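Hello,

Please find the structure we talked about just below. Have a look at it first, then read on for my notes.

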Amino acid sequence: MVCQVQRASFLNDIACRMALISLEDLEGLDDEQLDDDISDAPEPMAEEEQDRLLSHWQAVASTHQVSVPAEMTGPIQEMTRNSQQTEPLPFGVLSRHEKMGEVLYEERIYPAGNWVSVTRGEELYEQSISLAFMKLMRFICKENSSGQYLGMTVPVVSSIQMQDCETFEKKVETAFFLPARFQSNVPQSSDSDITITHREPFRVIARTFYGTTTEQTVSSQIRLLWELLGVSDGFHRNRYMVAAYDNPAAPRRRNEIWFLHRNM
């Protein structure tokens, strides 16, 4: 069964405006309340708990052949304390495709806005995204021109390029959408590896999967979604996005594979 929510091309503009309205709604949140939520100084974390958290992240990172240095202890604590204060990246649903009550994939449109990104070119895909995310964590956790904890949006999105139908290029861009309250007053970074870019609206086909994101698992999800879509020239075949909704230390991560429309 295919459930068409919005299909006609003229509704794309409406969906985009809906997504932007959602962003404006987020901007309209009580600033004083947000400041209180983010800037309240919590009780210092016990040293034993600090060590436990760092050890857990180091164990997870080791599965991606990455080490987590001790100086990441502060950002890890900050992200852990504020893990319930994430903002969703707004979007509009254009269509939803289901079979036997299961959502196979959705067609969505995402709004224009400012994204913060880091590009790495490590030997393994999972090494690139892990090292990039650690830099993004430091930027979020007060290593920015505002000196504030910025807050987090989900998902974190990694962009990959394919050399052919099977092989990933080494360079992977990992990015997150700046929280609404910083979209018009963008904090800067002293780290030259961090780039802030304004992106125009874009359309994707999104399919959910769970678990770790490695080159092998992502390649498998790309093949599966192509099987569901069939032959189509409407999407890029050498560019994909992987959206991660949970931090790397989460036991069962929710992810999505995104196919990008050629037109917007």
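**Backbone, strands and cavities**

Met100 is exposed, with a relative accessible area of 83%. Keep in mind that this is a predicted model.

Start with the backbone at Met100. Its phi is positive, about 55°, although Met100 is not a glycine. Where does Met100 lie? It is in the loop between strand 3 (92–99) and strand 4 (102–110).

Lys142 is another residue to look at. Its phi is also positive, near 80°, and Lys142 is not a glycine either. Lys142 belongs to the loop that runs between helix 5 (125–140) and strand 6. Is Lys142 buried, partly exposed or exposed? The relative accessibility of Lys142 is 44%, so it counts as partly exposed. The cut-offs behind that call are under 20% for buried and over 50% for exposed.

Next, the peptide bonds. Which residues does a cis peptide bond join? They are Val154 and Pro155, and omega is about 5° there. Pro155 sits in the loop between strand 6 (152–154) and strand 7 (156–161).

Now turn to strand 8, which covers residues 172–177. Why is strand 8 described as largely enclosed by the rest of the structure? Five of its six residues are buried, and therefore the description holds.

Strand 8 pairs with strand 5 (residues 113–120). The two run antiparallel and are joined by six bridges. One contact to find on screen is Ser117, whose bridge partner in strand 8 is Ala175.

Strand 7 pairs with strand 8 too. How many bridges are there between strand 7 and strand 8? There are three, and the sense is again antiparallel. Here Val157 stands opposite Ala175. Ala175 in strand 8 thus has Ser117 as a bridge partner and Val157 opposite it.

Last, the cavities. A search of the whole structure finds two of 30 Å³ or more. My notes cover the second largest, with a volume of about 40 Å³. Which residues line this cavity? Glu122, Glu123, Leu124, Tyr125 and Ser128 are among them. Phe168, Glu169, Lys170, Val172 and Glu215 also belong to the lining. By type, the lining residues divide into five charged, four nonpolar and one polar.

That is the tour. Send me your questions once you have looked through it.

Best wishes

Note on methods: Residues numbered from 1 in each chain as written. Predicted model: local features only at pLDDT ≥ 70, side-chain atom pairs only at ≥ 80, totals over all residues. Heavy atoms only, no water. Helix = DSSP H or I, 4+ residues; strand = E, 2+ residues; numbered from the N terminus. Buried < 20%, exposed > 50% of the residue type's maximum accessible area, 1.4 Å probe, protein only. Pairing = 2+ DSSP bridges. 1 Å grid on protein atoms, 1.4 Å probe; cavity = no way out; pocket = protein on both sides within 12 Å on 5 of 7 lines; lining within 4 Å. Points joined across faces, edges and corners; volume = space filled by probe spheres on them. Nonpolar A, V, L, I, M, F, W, Y, C, P; charged D, E, K, R; others polar.
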